[in-house]
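Student: I have a new structure open and I'm not sure how to read it. Could you walk me through it, feature by feature?
Tutor: Sure, ask away and we'll take each idea in turn.

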Amino acid sequence: MEARMKSLASPDLITGIQHLHKAIHAGGVDPLVLELVHLRASQINGCSPCVFAGVQSAKKLGETEERLHSVVTWRETPFFTEEERAALALAEAATRIQDGAPGVTDEIWDAAATYFDETQMSAIILNIAITNFFNRINHTIREQAGKTW
C-alpha cells in the first residue's frame, strides 16, 4: 500500500494543531494517560501510523512493554490503575459511536469524572477527538506507519 499524499500539512493547519496540542497538555492530565488514550482510540480505528507514534511516545515517557502490549486488552489485565481504566473506557466509548453504539454512557462519564476535573476531562475529550481526526485522515491518505513520523 502506498500513501496517496506526501503531506496534508499547510502552515495554518500546523499552527492550529499545535494550539490544540498545547491546550490538551495544559489540561493537567498525566501525559502517559493521554498517550494511552491516543493509543487505544488508534487501535480501535486501525490507524497504524498513530499506533506506531503512540507506542513510540509512550516509551519515551517511560511506559513498559508489558503495559503497551496490554492496552488492547486493558480490561483483562492487572496493569492499569482505576484512573487509567476510566480514561481508556471514555476513549473507547467516544470513539465507538457508529451504527447505534451507545457512546459515552452516564456510567462511563461518572467513572471518568471521579478521577478527572472538568479541565482534565476537557483535555482528555479533545485528545480523543484529535486522535480520531488524525486516524481518519491517515486512513484517507493511506499514511504509512513509521515512514513520515
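Student: Let me start with one residue. Where is the place of Asn-45?
Tutor: One thing before that: what you see is a predicted model. Now, to place a residue, look for the element that holds it. Asn-45 sits in helix 2.

Student: Is Asn-45 buried or exposed?
Tutor: Here you read the relative accessible area against a cut-off: buried means under 20%. Asn-45 has 18%, so it is buried.

Student: And which residues is Asn-45 in contact with, leaving aside its neighbours within four places in sequence?
Tutor: Skipping those neighbours lets you look at contacts from elsewhere along the chain. For Asn-45 they are Thr-95, Asn-132, Asn-135, Arg-136 and His-139.

Student: Let me follow one of those. Where does Asn-132 lie?
Tutor: In helix 7. Asn-132 also counts as buried, because its relative accessibility is 9%. With neighbours within four places in sequence set aside, Asn-132 is in contact with Ala-41, Asn-45 and Thr-95.

Student: With which side chain does the side chain of Asn-132 make a polar contact?
Tutor: With that of Thr-95, at 3.2 Å.

Student: Now on to pairs of helices. How are two packed helices described?
Tutor: By two numbers: the angle between their axes and the distance between the axes. Take helix 2 and helix 7: they pack at an angle of about 35°, and their axes are 9 Å apart. You can also give the crossing a hand, and helix 2 passes helix 7 in a right-handed one.

Student: Which residues in helix 2 meet helix 7?
Tutor: Leu-34, Val-37, His-38, Ala-41, Ser-42 and Asn-45 do. Among their partners in helix 7 are Ile-124, Asn-127, Asn-132 and His-139.

Student: At what angle do helix 1 and helix 7 pack?
Tutor: At about 145°, with the axes 9 Å apart. The crossing of helix 1 and helix 7 is left-handed. From helix 1, the contact is made by Ile-17, Leu-20, His-21, Ala-23 and Ile-24. Helix 7 brings Ala-123, Leu-126, Asn-127, Ile-130 and Phe-134 to it.

Student: What about the nonpolar inside? How many residues does the largest nonpolar core have?
Tutor: To find a core, look for buried nonpolar residues joined through their side chains. The largest one here has 17 residues, and those with the most contacts inside it are Val-29, Val-37, Phe-116 and Ile-124. Helix 1, helix 2, helix 5 and helix 7 each supply at least two residues of this core. Helix 7 gives the most, with 5 residues.

Student: Could you show me one member up close? What is Val-37 in contact with?
Tutor: Again leaving out neighbours within four places in sequence, Val-37 is in contact with Ala-87, Leu-88, Ala-91, Ile-124, Asn-127 and Ile-128. Apart from that core lies another, of 10 residues, including Leu-36, Leu-68, Trp-74 and Ala-89.

Student: Let's visit that other core. In which helix is Leu-68 found?
Tutor: In helix 4, which covers residues 65-70. Leu-68 has a relative accessible area of 7%, so it is buried. Not counting residues up to four places away in sequence, Leu-68 touches Leu-39, Val-55, Ala-58, Lys-59 and Glu-63. Here's a handy comparison to make: Leu-68 and Leu-39 are 29 residues apart along the chain, while their C-alpha atoms are separated by 8.8 Å.

Student: What else lies in helix 4?
Tutor: Ser-70 does, and with a relative accessible area of 8% it is buried. The side chain of Ser-70 reaches the backbone oxygen of Glu-66 at 2.9 Å. Neighbours within four places in sequence aside, Ser-70 is in contact with Thr-77, Phe-79 and Phe-80.

Student: One last thing, about records. Which feature does UniProt place at residues 15-93?
Tutor: The unreviewed UniProt entry gives "domain: Carboxymuconolactone decarboxylase-like" there. You can then check that stretch against the model: over residues 15-93 the chain is 72% helix and 0% strand, with the end C-alpha atoms 29 Å apart.

Conventions:
Residues numbered from 1 in each chain as written. Predicted model: local features only at pLDDT ≥ 70, side-chain atom pairs only at ≥ 80, totals over all residues. Heavy atoms only, no water. Helix = DSSP H or I, 4+ residues; strand = E, 2+ residues; numbered from the N terminus. Buried < 20%, exposed > 50% of the residue type's maximum accessible area, 1.4 Å probe, protein only. Contact = heavy atoms within 4.5 Å. Core = buried A, V, L, I, M, F, W, Y, C linked by side-chain atoms within 4.5 Å. UniProt positions renumbered as here; feature names shortened; annotations may be inferred. Polar contact = N/O pair within 3.5 Å; in protein donor to acceptor, adjacent residues only side chain to side chain. Axes fitted to C-alpha atoms, helices over the stretch in contact; angles between N-to-C directions. Left-handed = near helix turned anticlockwise from the far one by under 90°.
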